[in-house]
Amino acid sequence: MVTFNSKGKLWFEKLQDPPRQLHDEHGGLLWKETFRQFVDIKASGPSSIGADLCLHGFSHVYGLPEHADGLQLRDTRDGDPYRLYNLDVFAYDLYSRLGLYGSVPLLVAHKADRTLGVFWLNASETFVNVHYKKHAKMYLLNHRVEPQTDVHWLSESGVIDCMVLLGPGPQQLFTQYGQLTGYQALPPLFALGYHQCRWNYDDEADVKAVDAGFDRHDIPYDVIWLDIEHTDGKRYFTWDSALFPEPAGLQRHLEKKKRKLVVITDPHIKVDPDWSLCREARDGGHLVKNREGHIYKGSCWPGESYYLDFSSPDTRAWYSRCFGLDKYKGSTPSLFVWNDMNEPSVFDGPEQTMPKDAVHCGGWEHRELHNLYGFYQHMATAEGLITRSGGSERPFVLSRSFFAGSQRLGAVWTGDNVASWEYLSISIPMLLSLSVTGIAFCGADVGGFVQDPEPELLVRWYQAAALQPFFRGHSAKWTKRREPWLFGEKVTAAIRTVIQERYCLLPYWYTLFHLAHTSGLPPLRPLWVEFPGEQSTFTVDNQYMIGGALLARPVTDPHVQEVKVLLPGSGEVWYDVHSTKAHKGGQTLSLPVSLDTVPVFQRGGSVVCRSTGSGSCTAEQQQLPLSITVALNSLGAADGELYLDDGHSFSYRDRKAFCLRRFSMLSGRLLCRSNIKTSPSTCTFSLSPGAKDSSPAFEYTETCCRLTVNHLELPVAMDWEIQIQEG
């Protein structure tokens, strides 16, 4: 199955004391490296490590985010290896193997009867080569030659810490990886709603106007965001007193509508001796140093900046305290946080990041833990919000940089994308790659951060993003404003519809995040996760499963009137969620589409819970009744789950204050079987054994064999049963 060191590439260089002179005959040149105008002095000498593995029988491997590339990893013999090195890359190139904002050194291999993973736990700069050897139609000594994939890992420093996860199936693999690195944090319900962001909303009046615009146009949303311009001269934890004179009042204004505010906090600190937070960081020893032992200075948004040393537990604890309501003036419990520029981004540094020979707590060089820098800030921020509430409330923190285990801390997004059809298309495999490597709460900026989307692109992007975990519209300050109502009524209506449908589907999304939180199974799944034996699904990355019940195929090309949708499973039944028309699995369907439609199918044998309406935000949506959509399989059966809790606190964990219900359809219970050809004669329900039966109103549509039972008012937390009799 797996052979370690099959090519004999196991390699490690031991740490050494430096030579007296870096240019002596003993190899001093290896201790010093020059890149453009930057000089990197290696305090312990060359320290690379590497190993190779042969994955027998596998010809499809995935993972290793973050790259703007397809879901299946490509053979690297035709170019560069995959690089894992967190960098601030503006408007990144597509189909590139260079590193982006985050790194997860997990490679997932899949074949029809086995899924396995290779986890290379190393936070230094890492390169991964992938070589496929396809199945050859030949026999050698009466044995068929099987396909194989050779994988070679090479890291600049660290130790060899390589784990093989044996599955055997995708679900077991996700659980095993979650046991190693942690499961996805259960987000507060509002975080699964729609987020409206821009660099930057001008002032308090602008924020209130945008907030009112959503209400005026009947578009639900939960969170509005402020970028760096809300601060006093790019000093984080402050407010521009002219633009935001009453920040707490602004948050209370939003909170009256059960909405939230998110603000940005980057890891750099403006060099300003008159600023108390800068003095605290400096005097408390919370800053990264250069190789000479002095405080490291680099350039970022404020100009000359210090960089916090989040590798230090003391620094993380101090930073967490900065989010206290007594410390962060103008903040309230409804304020949440966005960590940006935390690769870290250094405008005047090598590759726009921190020099590798900068020094962290304990004397560790930056090269050793570069890919962990943003992870540690994310950790400190999440802990700060938890501490702010006395440990009772779940945090929400979005981070641009990430590493293995970041799923425990919150959400990530794909960074500075571009308003083009190509970036819309690539967002799907990028999010799938994150999902199969544990980063389940992920999304891409709707409409593209850079440039101005045409109306059709904007609508299609909303349609796609509404069917993905993290749902945020965001744009750069030099782009045109793009609130959903600025493009004419047709576009507004289309965006309103998809956002409202997202809110209606939140009970299902929330249930999927409970599953991710407890088992590691991501809400967003490549088709092969649900259909592991079907090779036709192994390379599909333009459609995906949302949980086990829904299949989505967003439209990602302009002027499209028809799309092809692969419906897996020869024994499956798939129902178009809009028309309820049933289709057999095991075929590729050509489906007509308009600007108002996006193909979504419910899998036969599933039960999906929705809200009967969207409300204006998740708090309103929580109060609405549920609708239950039962899609019968070929045996006339279906089942599904619903998870409920208060949506914001840790009571589900600490007091077991949650409700987990399973719905089943069998032998005419709950909803009518799809093979009923005549209208049902009666429909009754009872809340418990021995209780008097009641007869609700119902409607039956013969053309599609659909039965709708109305006005049940059944409590979801109690046992109940619906009996249907044929006419």
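Modeller: Before we look at this predicted model, one convention is needed: Asp, Glu, Lys and Arg count as charged, Ala, Val, Leu, Ile, Met, Phe, Trp, Tyr, Cys and Pro as nonpolar, and the others, Gly among them, as polar.

Biologist: How many residues of each class line the second largest pocket?

Modeller: Sorted by that convention, the lining has twelve charged, eleven nonpolar and eight polar residues. E33, F35, D40, K356 and R367 are the lining residues that lie nearest the centre; E33, for instance, is a Glu and therefore falls in the charged class.

Biologist: Which strands supply at least two residues of that lining?

Modeller: Strand 3 (32–35), strand 4 (38–41) and strand 13 (148–155) each do so, and the pocket that they help to line has a volume of about 660 Å³.

Biologist: What makes strand 19 and strand 20 a pair?

Modeller: Two strands pair if there are at least two bridges between them. Three bridges join strand 19 to strand 20 (residues 303–307), so the condition of at least two is met. The two strands run antiparallel, and C300 stands opposite G303 in strand 20.

Biologist: Why are strand 18 (268–270) and strand 19 (298–300) said to stand at the edges?

Modeller: The open sheet has the order 18-20-19. Strand 18 and strand 19 each have a single partner strand, so one side of each is left without a neighbour in the sheet. From one strand to the next, the twist averages 60 degrees.

Biologist: Where does UniProt place the "domain: Glycoside hydrolase family 31 TIM barrel" feature?

Modeller: The unreviewed UniProt entry places that feature at residues 185–512. In the model, this span is 33% helix and 12% strand, and its end C-alpha atoms lie 12 Å apart.

Definitions and conventions. Residues numbered from 1 in each chain as written. Predicted model: local features only at pLDDT ≥ 70, side-chain atom pairs only at ≥ 80, totals over all residues. Heavy atoms only, no water. Helix = DSSP H or I, 4+ residues; strand = E, 2+ residues; numbered from the N terminus. Axes fitted to C-alpha atoms, helices over the stretch in contact; angles between N-to-C directions. 1 Å grid on protein atoms, 1.4 Å probe; cavity = no way out; pocket = protein on both sides within 12 Å on 5 of 7 lines; lining within 4 Å. Points joined across faces, edges and corners; volume = space filled by probe spheres on them. UniProt positions renumbered as here; feature names shortened; annotations may be inferred.
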